[in-house]
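Open the model in your viewer and keep the sequence panel beside it. The tour moves from one selection to the next.

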Amino acid sequence: MKYRPLGSITVSAIGLGAMPLSIEHRPDEERAVATVHAALDAGVTLIDTADSYHWHADERGHNELLIARALARYGGDTSDVLVATKGGRGRLGDGGWTVTGTPAHLKHAAEASLKRLGVEAIGLYQLHKPDPDVPWAESVGALRELLDAGTIRAAGISNVTTGQIREAHAILGDALVSVQNRYSPAVRDTEPELELSTRLGLAFLPWSPLGGISRSSLDGRSGPTSANTVFHRIAAERGVSPQQIALAWLLARSPLVIPVPGASRPASIQDSAKATEVELEATELAELEAALSPDSQLGAS
């Protein structure tokens, strides 16, 4: 495993997106825990969760509690594992999502997450999504209060624009360490946010990083997937999976990119973790970039 900076610490260059372990079509707990343990065995030290990663309306915090149990049951040392959680979103039990970014809600949510995770302070707390009904500065100000209170050690923001990144950075300073936006071979409309994050020294955590290569947990079981793309061809030439090529491409986008692919079985995260061993050549990167250009069908070979 290779490592990358996230604020003042370093974490594995590939994280574990834990959402699939708790939402619709989730595995049983035995397999879920085995997936977390497989990630740890592979050297993963960043686990991405949220209080809204659950299925039914009455089980808020399901994923956070699951991660806490999995870490407690792990036989090895977990002192270097960073559990990053998020607040500001909710689920209604019918597949729908809500957004609540009031300072009161965010502070209450962070305190509840702290208890569920069973830690003295949350290593990284991310504002899950801007609330259009709440001034952005007020929501970010709640993160500042949580930092000052010692409830969280570092702050992040998710699903944001360049303007929101700049405003949050002005409010939080060095305490802002990460931006988590959707970014993948299929979805690159947050390229400006990636570039700004890199300039500001912020870790960029792509969610759904395998979009266009494999299904996203948010796309559902019938979501689209690609086959016979340039990612698949390069993967075949190298004897690795197309997912590893996609993650290696993401890692090459910026030294501060830390993908967090979701997984619901041990083999998936074990495969993803191996992407840090793949060093794409300049010719391969150029070929992938050409295939991903706007006037080219996604990755078509």
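Buried means under 20% relative accessible area, exposed over 50%, and partly exposed in between. Keep in mind that this is a predicted model.

**Stop 1: the N-terminal hairpin**

Select strand β1, residues 3-6. Which side chains point to one face and are buried? Arg4 and Leu6 do and are. Tyr3 and Pro5 point to the other face and are not buried. In a regular strand, side chains alternate between the two faces of the sheet.

Add strand β2, residues 9-12. β1 and β2 are antiparallel and pair over four bridges. Click Tyr3: Ser12 in β2 stands opposite. Click Pro5: its bridge partner in β2 is Thr10. Now go to the turn. Two residues lie between the strands of this hairpin, and Gly7 takes a positive phi near 65°.

**Stop 2: the seven-stranded sheet**

Show the strands as ribbons. An open sheet of seven strands follows the order β3-β4-β5-β8-β9-β10-β11. The pairing is parallel. Which strands stand at the edges? They are β3 (16-17) and β11 (203-204). Each has a single partner strand, so one side of each has no neighbour in the sheet.

Zoom in on β9 (residues 155-158) and β10 (residues 176-180). The two run parallel, joined by four bridges. Gly156 stands opposite Ser178 in β10. Next, select helix α4, residues 136-149. α4 packs on the sheet and touches β8 (124-127) and β9. The direction of α4 makes about 165° with that of β8.

**Stop 3: two positive phi values**

Most residues other than glycine have a negative phi. Here are two with a positive value.

Select Asn159, in the loop between β9 and α5 (162-172). Asn159 is not a glycine, yet its phi is positive, about 60°. Its relative accessible area is 24%, so Asn159 counts as partly exposed.

Move to Ser208, in the loop between β11 and α7. The phi of Ser208 is also positive, near 55°. Is Ser208 buried or exposed? At 11% relative accessibility, Ser208 is buried.

**Stop 4: salt bridges**

Side chains of opposite charge can pair when their charged atoms come close. How many salt bridges does the model hold? The count comes to 17. Three of them follow.

Begin with Glu29 and Arg73. The closest N and O atoms of this salt bridge are 4.0 Å apart. Glu29 belongs to helix α1 (residues 29-41) and Arg73 to helix α2 (residues 62-73), so the pair ties together parts 44 residues apart in sequence. Glu29 is partly exposed, at 33% relative accessible area. Arg73 counts as exposed, at 53%.

Now select Glu289 and Arg188. Their salt bridge has its closest N and O atoms 3.0 Å apart. This pair links distant parts of the chain, 101 residues apart. Glu289 is in helix α10 (residues 282-291), while Arg188 is in the loop between β10 and α6 (191-200). With a relative accessible area of 30%, Glu289 is partly exposed.

Stay with α10 and pick Glu287. Which residue forms a salt bridge with Glu287? Arg233 does, with the closest N and O atoms 1.8 Å apart. Arg233 is in helix α7 (residues 230-238), 54 residues from Glu287 in sequence, and the pair links distant parts of the chain. Both residues are partly exposed: Arg233 at 30% relative accessible area, Glu287 at 33%.

Finish this stop by selecting four residues together: Arg188, Glu191, Arg253 and Glu289. Salt bridges with shared partners join them into one network.

**Stop 5: the second largest pocket**

Select Val81, Leu82, Ala121, Gly123 and Arg153. Among the 25 residues that line the second largest pocket, these lie nearest its centre. The space in this pocket is about 500 Å³.

Then colour the lining by element. α2 and β5 (82-87) each supply at least two lining residues. Which element gives the most? α2 does, with three residues. α2 is also the helix that holds Arg73, from the first salt bridge of the previous stop.

Notes: Residues are numbered from 1 along each chain as its sequence is written. This is a predicted model: local features need pLDDT of at least 70, side-chain atom pairs count only at pLDDT 80 or more; totals for chains, interfaces and linings use all residues. Side-chain values use heavy atoms; hydrogens and water are left out. Two strands pair if DSSP finds at least two bridges between them. Contact means heavy atoms within 4.5 Å. Axes are lines fitted to C-alpha atoms, for helices over the stretch in contact, and angles run from 0 to 180 degrees between N-to-C directions. A salt bridge is a side-chain nitrogen of Lys or Arg within 4 Å of a carboxyl oxygen of Asp or Glu. Buried means under 20% relative accessible area, exposed over 50%, partly exposed in between (1.4 Å probe, protein chains only). On a 1 Å grid over the protein atoms alone, a cavity is a set of points where a 1.4 Å probe fits but cannot get out, and a pocket is an open set with protein on both sides within 12 Å along at least five of seven lines; lining residues have an atom within 4 Å of a point. Grid points are joined across faces, edges and corners, and a volume is the space filled by probe spheres set on the points.
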